[in-house]
Amino acid sequence: MLDPQLIRNELDSIAKAIEKRGTSIDINSIKKNEDKRKAIQVKTESLQAERNLISKEIGELKAKNKNTEELFNKVTSIKDQLDKNEESLTIIQNELNELLITIPNIPHNSVPIGKSSKDNQTIREWGKKPTFDFNINDHVDLGESLGLIDFDSATQITSSRFVVMKGEIARLHRALIQFMLDTHITKHCYEEINVPYLVNTNSCTNTGQLPKFKEDLFYIEEQDFYLIPTAEIPVTNIVKDKILGDEDLPIKYVCHTPCFRSEAGSYGKDTRGMIRQHQFEKVELVQIVKPENSYNVLEELTLHAESILQKLNLPYRVVALCTGDLGFAAAKTYDIEVWLPSQDMYREISSCSNFESFQTRRMKARWRNTVNNKTELLHTLNGSGLAVGRTLIAVMENYQTKNGDIIIPDVLRQYMRNESIIKKP
RNA sequence: GGAGAGGUGUCCGAGUGGUUUAAGGAGCACGCUUGGAAAGCGUGUAUACGUUAAUAGCGUAUCGAGGGUUCGAAUCCCUCUCUCUCCGCCA
């Protein structure tokens, strides 16, 4: 949600900024509704004030057993007016809110202008792409010939876009999670937390997944809960309705969860393998910070995610999303893309965003500024550190041998009984 | 799943229709007092929105959430929600 003050006073420049995303907002109906809202609200509040005053007088007179008929008549006519005003105020506020809640965040000045992912800007590349003197396999062939990845069973159990991992691959998957958590906890000073995987509507609205992107989520109608598509939702909502002190900040959480995405509208996309699943695991970094620090923190948080790839020695690049590719709630986003030899391209493995006060305004998450003692909205950031399934794919493909074995990266061996290779049986 | 009791400010806690403008206490902040501290005394101590040059005043809303009754609701009614206790079930 954007600042209502800004929307009121600088609607035109906001509209311009939003247009960079390739979406437009209905300035006229916002303006019209806002003017209407203001007029009705002022009128309603003054009627309420009048009513309160007279009601109090009635109370005082009654206490003295005096006649209240005159005041009674007066207040009755106010009440009729007030009822009408209150009713239309509620309607207009709801209408306005529905409009405002569908407006995306304003892109930061440093975000490159563009229409689609083609216009994203590569910021840096890291690592040396491996060369192979044999015909390489993708993770599907590798996993199936090892007998350790089983898509057929998953389809049988549930449907397509699910996977069963076994033995050393399941262990490697778990090793990645352990390694990521341990790194962020000990090297980058995040606090580990464990959160619910089912969330309510309000939490999803606060972080921006609702109301616009309901079709991307798995919904449990019975209880009106959603399966989380990312730990961002439960973790960020921890600060909902809180006023934090200077000493509480910054908040740095790392959280491992499964993520559930319906992937509606991606039929035919990445149908092979584990790239795009309905269920995958992710280690998520979330920071809640003072506004003045948020852009430095975005750089820092991105580096934290990158460091996992560096330690795994997986080649990657960092891309600044252009205005047209930016997510709904984000003001700025860096995607980290890992090298997948089988696809001969970089694929997204992390997305690090600064949401500024977009989410905290919906959440009412504030801190008390020690300089002026006023409450101010916090800034929120998050990034995958990293998507585990895709990291597993990258490890398998980049570390494969001619025999179809997988070399275990050095940093993971301590989690793998110090073994150095996953061999075919 | 069944039965019962609850949700009031930073915290504890009073409050069953009208000087409640949410009592009282604790905590915290500032001041007075003191050689210093404690005690004591005094003052202050929520959030959001509107109005405003203003973090001054004034107005409005908020006593778990939403709706209703009423001139007037923390208080009465309805729905939901969360917490606690007992029983049942259960990893």
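User: What makes a residue near RNA strand B in this predicted model?
Analyst: A residue is near a strand if one of its heavy atoms lies within 4 Å of it. In this predicted model, 23 residues surround RNA strand B. The closest are Arg-8, Lys-38, Ser-55, Arg-368 and Thr-375.

User: Which parts of RNA strand B come within 4 Å of the protein?
Analyst: Mostly the backbone: sugar and phosphate make up 76% of the atoms of RNA strand B that come within 4 Å of the protein.

User: Why is the pair formed by Arg-8 and a phosphate oxygen called a polar contact?
Analyst: A polar contact is a pair of N or O atoms within 3.5 Å. An N or O atom in the side chain of Arg-8 is 2.3 Å from a phosphate oxygen of RNA strand B, so the pair qualifies. Lys-38 has a polar side-chain atom 2.8 Å from a phosphate oxygen of the strand. For Arg-368 the value is 2.7 Å. Both are within 3.5 Å, so these pairs count too.

User: Which element supplies the largest share of the surface near RNA strand B?
Analyst: Helix 3, with 14 residues. Helix 1 (4-9), helix 4 (69-100) and strand 14 (366-368) are among the elements that each supply at least two.

User: How many residues of each class does that surface have?
Analyst: There are 10 charged, 7 polar and 6 nonpolar residues on the surface near RNA strand B.

User: Why is helix 12 called mostly covered?
Analyst: Buried means under 20% relative accessible area. In helix 12 (residues 388-398), 11 of 11 residues are buried, so the label fits by that cut-off. Among them are Arg-390, Leu-392, Glu-397 and Asn-398.

Methods. Residues numbered from 1 in each chain as written. Chains lettered and ligands numbered in written order. Predicted model: local features only at pLDDT ≥ 70, side-chain atom pairs only at ≥ 80, totals over all residues. Heavy atoms only, no water. Polar contact = N/O pair within 3.5 Å; in protein donor to acceptor, adjacent residues only side chain to side chain. Helix = DSSP H or I, 4+ residues; strand = E, 2+ residues; numbered from the N terminus. Nonpolar A, V, L, I, M, F, W, Y, C, P; charged D, E, K, R; others polar. Buried < 20%, exposed > 50% of the residue type's maximum accessible area, 1.4 Å probe, protein only.
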